[in-house]
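Q: Could you take a close look at one part of this structure for me, the place where two helices pack together? I'd like the contact itself, then whatever surrounds it.

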Amino acid sequence: MYIDSHCHLNLLADQPGGVAAMVAEASENHIEHILCIAIDKESIESVRQLAEQYPQLTASVGIHPNVEESGTLSTEQLIELAAHPKVIAIGETGLDYFRSEGDLTWQRDRFRYHIDAAKQTQKPLIIHTREAREDTMSMLEQENARDAGGIIHCFTENWETAKRALDIGFYISLSGIVTFKSARELQDVAKQLPLDRILIETDAPYLAPMPHRGKTNKPAYVKHVAAFLAELRGESEEQIAAATTENFYRLFPSARLAA
């Protein structure tokens, strides 16, 4: 069995058969659980509703770093939203200096609110970072994010960054990007990661893995990430599936209770 640890399932509602078809196809492909990730105020509500509808779905609450400053939620608001029994994570949150420009103090403040909310609720963080690796890791370290734990999702950074994440107890989640021929550095990192700290994800509808690159991604495709990792690391698909599933439930024990 597999787990898709990061999916924007609400954005697949316009696909043939809608979300119901995506969930059914995932089950047929032995995907036993899907964590649906919020990125703004609107999606917080939509992923929560999906999680209420399907027992194999859970949700997060958070504001993506690229959402405009006016979309920020306070620590108190995040804590209130995270009280829902199907919400198991805070995020996605983090820093993104690729899409946002100018004085990004507000983005760092928003990140800090999420870290505080995660520590107070004891719900792990889902971290997004792009062209901001040093500031992202420094904030996680300085704000004692290890007290909440979490994931660096859709990891595309170097080994030094991975090591810093591992050192504060975080997990590394690998997406379809690791299957791309151009992702040599990431593949080298993936070979070095301890098996008990790896998660897999789709980030659907984005970043479909080989052999579906360029198509709309969906939770059922997470098994291709697992298969690639197995070959890359010299392990069996069964080992990757079992380890990443166990790792997910170790980080998110409430996911079993929410089902």
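**Two helices and their surroundings**

A: Keep in mind that this is a predicted model. Helix 7 (residues 184–192) packs with helix 8 (residues 222–233) at an angle of about 75°, and their axes are 9 Å apart. An angle of 65 to 115 degrees counts as roughly perpendicular, so that's what helix 7 and helix 8 are to each other.

Who makes the contact? On the helix 7 side you'll find Q187, A190 and K191, and helix 8 brings F228, L229, L232 and R233. Sort the residues of this contact by character and you get four nonpolar, one polar and two charged.

Helix 7 also has a part in the packing around helix 6. In helix 6 (residues 159–167), the buried residues are T161, A162, R164, A165 and L166. They pack against helix 7, and also against helix 5 (133–142), strand 6 (150–152) and strand 7 (171–174). After helix 6 comes G169, which has a positive phi, near 85°.

Moving on to the strands, strand 5 (residues 125–130) has five of its six residues buried, so the rest of the structure largely encloses this strand. Strand 5 pairs with strand 4 (residues 87–96) in the parallel sense, over five bridges. If you want one bridge to click on, D96 has R130 of strand 5 as its partner.

Next, a link across the sequence. A24 sits in helix 1 (residues 18–28), and at 36% relative accessibility it counts as partly exposed. Along the chain A24 and A220 are 196 residues apart, yet 9.1 Å is what separates their C-alpha atoms.

Last, the cysteines. Searching the whole structure for disulfides turns up zero. C7 is in no disulfide, and its nearest cysteine sulfur belongs to C36, 5.7 Å away. The cut-off for a disulfide is sulfur atoms within 2.5 Å. C7 counts as buried, because its relative accessibility is 0%. Turn it around and C36 is in no disulfide either, with the sulfur of C7 as its nearest, 5.7 Å away. C36 counts as buried too, because its relative accessibility is 0%.

Back to where we started: if you load one view, make it Q187, A190 and K191 of helix 7 against F228, L229, L232 and R233 of helix 8.

Methods:
Residues are numbered from 1 along each chain as its sequence is written. This is a predicted model: local features need pLDDT of at least 70, side-chain atom pairs count only at pLDDT 80 or more; totals for chains, interfaces and linings use all residues. Side-chain values use heavy atoms; hydrogens and water are left out. Axes are lines fitted to C-alpha atoms, for helices over the stretch in contact, and angles run from 0 to 180 degrees between N-to-C directions. Helices (H or I, at least four residues) and strands (E, at least two) are DSSP runs, numbered from the N terminus. Angles under 35 degrees count as roughly parallel, over 145 as roughly antiparallel, 65 to 115 as roughly perpendicular and the rest as oblique. Contact means heavy atoms within 4.5 Å. Ala, Val, Leu, Ile, Met, Phe, Trp, Tyr, Cys and Pro count as nonpolar, Asp, Glu, Lys and Arg as charged, and the others, Gly among them, as polar. Buried means under 20% relative accessible area, exposed over 50%, partly exposed in between (1.4 Å probe, protein chains only). Two strands pair if DSSP finds at least two bridges between them.
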